[in-house]
Structures are given as structure tokens and as C-alpha cells.
Amino acid sequence: MVIDIKKNIIDSMLEIVDDEKQNFSKENNYIKLMNMLLEQKKQLEMLRKHLKHQNDIINHLEFGI
């Protein structure tokens, strides 16, 4: 009887550990995703600046602006 109760407690604790491990994995994946999105945002901002600069050069060459 006592052994069954202890076994049930251990099984419950193992389930909690597994749940926490899954939550940590999800949080870790979320952080990785956010970092990837931030990096993409930086790259898109650099591309936007580059394209604006090219557009300014074209305007200058075509229209003398």
C-alpha cells in the first residue's frame, strides 16, 4: 500500500518534470523564433535603406534631384 502511494507520487513527479521540460522546450523555441524574427527585421531594415539609397541615386541620375 505504502509502496503504491510512493510509486504514484514518483509517477506524478515524473509527469510534472516532463511537463516542465516540454514547457521549457516551447519557451526556448519561442525565444529562438523571436531572435530569428528580430534578425530578419534587421536585415529587412538594411535592405530598405539600401533600396532607398539606390532610388535616390536613380532619381539624381534621371532627374538631377
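# A walk along one helix

Let's begin on the surface, where Glu 15, Asp 18, Asp 19, Glu 20 and Glu 27 gather in a patch of negative charge. A patch is made of residues with over 30% relative accessible area and no salt bridge, where like charges are joined within 9 Å and nonpolar side chains (Val, Leu, Ile, Met, Phe, Trp, Tyr) within 5 Å. In counting charge, Lys and Arg are positive and Asp and Glu are negative, while His and the chain ends are not counted. Each charge is placed at NZ of Lys, CZ of Arg, CG of Asp or CD of Glu.

Before going on, here is how to read the model. It is a predicted model, in which local features need pLDDT of at least 70 and side-chain atom pairs count only at pLDDT 80 or more, while totals for chains, interfaces and linings use all residues. Residues are numbered from 1 along each chain as its sequence is written, and side-chain values use heavy atoms, with hydrogens and water left out.

Now step back and look at the whole protein. What helices and strands does the protein have? There are one helix and zero strands; these are DSSP runs numbered from the N terminus, with helices (H or I) having at least four residues and strands (E) at least two. The helix is called H1 and covers residues 2-63. Along its principal axes, the C-alpha trace spans about 90 × 10 × 10 Å. The radius of gyration tells a matching story: the protein has 28 Å, whereas a compact globule of 65 residues would have a value near 11 Å. That radius is taken over C-alpha atoms, and the globule rule is 2.2 Å times the number of residues to the power 0.38.

How much of this protein is buried? Buried residues make up 0% of the 65 residues. Here buried means under 20% relative accessible area, exposed means over 50%, and partly exposed lies in between (1.4 Å probe, protein chains only). The accessible surface of the protein comes to about 6500 Å², and 64% of that belongs to carbon and sulfur atoms. These areas come from the Shrake-Rupley method with a 1.4 Å probe, and for residues only the protein chains shown count as cover.

Return to the negative patch for a moment. One of its members, Asp 18, is found in helix H1 and counts as partly exposed, at 40% relative accessibility. Over the protein there are 10 positive and 11 negative charges, and the mean positions of the two sets are 6 Å apart.

Further along the numbering comes another kind of patch. Tyr 30, Ile 31, Leu 33, Met 34, Met 36 and Leu 37 make a nonpolar surface patch of about 580 Å². Leu 37, found in helix H1, is partly exposed with a relative accessible area of 42%. Lys 32 also lies in helix H1 and is partly exposed, at 48%. From Lys 32 to His 50 there are 18 residues in sequence and 27 Å in space, C-alpha to C-alpha.

Next, consider how charges pair up. Side chains of opposite charge can pair when their charged atoms come close. A salt bridge is a side-chain nitrogen of Lys or Arg within 4 Å of a carboxyl oxygen of Asp or Glu. How many salt bridges does the whole structure hold? A search finds three.

One of them joins the side chains of Asp 11 and Lys 7, at 3.0 Å from N to O. Asp 11 and Lys 7 are separated by about one helical turn, because they are four residues apart in helix H1. Asp 11 is partly exposed at 29%, and Lys 7 is partly exposed at 47%.

Another salt bridge links Arg 48 and Glu 45, at 2.7 Å from N to O. Both lie in helix H1, three residues apart, about one turn of the helix. Arg 48 is partly exposed with a relative accessible area of 45%, and Glu 45 counts as partly exposed at 34%. Between Asp 11 and Arg 48 lie 55 Å in space, C-alpha to C-alpha, and the two are 37 residues apart in sequence.

Lys 52 forms a salt bridge with Asp 56, with the closest N and O atoms 3.2 Å apart. Lys 52 and Asp 56 are four residues apart in helix H1, so about one helical turn separates them. Lys 52 is partly exposed at 47%, and Asp 56 counts as partly exposed at 37%.
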